[in-house]
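User: Hi! I'm new to protein structures and would like to go through one step by step. Could you help me read it?

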Amino acid sequence: MRSEPLSLEVAGISASYGGVPAITDVSLKVERGTIVTMIGANGAGKSTVIKCICGLVKPTAGTVRLFGEDVTGLPPDRLVHRGLSVVPEGRRLFSEMTFRENLELGAYSRKDHNAVRRDMDRVLALFPELRDRLSTVAGTFSGGQQQMVAVARALMSAPRILLLDEPTIGLGPAIVERIADLVVEIARSGVDIVIVEQNAEIALEVADRAYILEAGSVVAEDAADRLAQSEEVQKAYLGI
């Protein structure tokens, strides 16, 4: 029996900014039905890996395969059609538009309007605290609510895999836990997830597998729960 392809396979990618190496020989895999996290200090290269995956930065070496297809260097709009969506660091909402308008823009590439309406109902069910605020201008939401809007907008493209770049940065503990719960709920709905986080504790709590980046390279990988029990990881990333 032919095995199902991985959702995502990053094989030996490197990338530079202005000739200065940012990541070197980074590899990771996302199996179907899983949450994968990359953790590491600020500047470790996590966001560069995300940008290489989603087409914002072209790797100088290595390949990116999405559902078995080589998509290395393809632009973001072509990757959306292949089932990949991204929640970028900093959210990047259309702050002067309403929540509804942001959701509609998330579905810009879709032609089946009935399916879009059904998905909007499903997405809103994930965010009951925002359901009655569709007409509210996105820029007036709190930081945590704006992060929810960004996730909701990304889900409107009907992704098969979702990349989350620092989704809890700058948020209070209660909102961080809410975002963590959302990540798990989204994964259970059938969307595979890659989450990049400085908050190692929350990342290892929700993920199935974890990769640790230091100075642009992967220095450790394992099941997330095993890494969370590692004395070295506890000292370096969990403050234990």
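Analyst: Happy to help! A helix has an expected span, which is 1.5 Å times one less than its number of residues. Please keep in mind that this is a predicted model.

User: Let's use that idea on α5. What span is expected for α5 at 1.5 Å a residue?

Analyst: Helix α5 covers residues 143–155 and has 13 residues. From its first C-alpha to its last, α5 reaches 19 Å, which is close to the expected value. That expected value is 18 Å.

User: How many of the 13 residues of α5 are buried?

Analyst: A residue counts as buried when its relative accessible area is under 20%. Among the buried residues of α5 are G144, M148, V151 and L155. Helix α5 is mostly covered, and the number of buried residues is eleven.

User: Which elements do the buried residues of α5 pack against?

Analyst: Helix α5 lies across β6 and β7, and α5 runs at about 170 degrees to β6. Its buried residues pack against those two strands and also against helices. The full set is β6, β7, α3 (99–106), α4 (113–126) and α6.

User: Now the sheet. Which strands stand at the edges of the sheet?

Analyst: Six strands form an open sheet with mixed pairing, in the order β6-β7-β8-β3-β9-β10. A strand at the edge has a single partner strand, so one side of that strand is left without a neighbour in the sheet. On average, neighbouring strands of this sheet are turned by 15 degrees against each other, direction ignored. The strands at the edges are β6 (84–87) and β10.

User: Do β9 and β10 run parallel or antiparallel?

Analyst: Six bridges join β9 to β10. As an example, A210 has D222 in β10 as its bridge partner. The direction of this pair is antiparallel.

User: And on the other side of the order, in which sense do β7 and β8 pair?

Analyst: Strand β7 is joined to β6 by four bridges, and those two run parallel; there, S85 stands opposite L162. Strand β7 also pairs with β8 (residues 192–197) over five bridges, and I161 has D192 in β8 as its bridge partner. The sense of the pairing between β7 and β8 is parallel.

User: What is the handedness of the crossover from β7 to β8?

Analyst: After β7 (161–165) comes a loop, and then α6 (173–188). The chain crosses from β7 through α6 to β8, making a β-α-β crossover. This crossover is right-handed.

User: Why is β7 described as largely enclosed by the rest of the structure?

Analyst: In a regular strand the side chains alternate between the two faces of the sheet. In β7, I161, L163 and D165 point one way while L162 and L164 point the other way, and all are buried. Strand β7 is largely enclosed because the number of its residues that are buried is five of the five.

User: E166 and A215 both sit in loops. Which of E166 and A215 is exposed?

Analyst: E166 lies between β7 and α6 and has phi near 55 degrees, a positive value in a residue other than glycine. A215 lies between β9 (209–214) and β10 (217–223), with phi near 50 degrees. At a relative accessible area of 4%, E166 is buried. At 76%, the exposed residue is A215.

User: Let's look at V49. Why does V49 count as buried?

Analyst: V49 is placed in helix α1 (residues 46–53). Not counting residues up to four places away in sequence, V49 touches I13, I23, V26, L28, M38 and L213. V49 counts as buried because its relative accessibility is 0%.

User: Last one: how many residues does the largest nonpolar core have?

Analyst: Within this core, F99, F127, L162, I193 and L204 touch the most other members. There is also a second, separate core of 30 residues, which includes V26, L28, V36 and V194. Leaving aside neighbours within four places in sequence, the contacts of I193 include L162, L164 and V183. The number of residues in the largest nonpolar core is 51.

Conventions. Residues numbered from 1 in each chain as written. Predicted model: local features only at pLDDT ≥ 70, side-chain atom pairs only at ≥ 80, totals over all residues. Heavy atoms only, no water. Buried < 20%, exposed > 50% of the residue type's maximum accessible area, 1.4 Å probe, protein only. Contact = heavy atoms within 4.5 Å. Core = buried A, V, L, I, M, F, W, Y, C linked by side-chain atoms within 4.5 Å. Pairing = 2+ DSSP bridges. Axes fitted to C-alpha atoms, helices over the stretch in contact; angles between N-to-C directions. Right-handed = clockwise from strand over helix to strand, strands pointing away.
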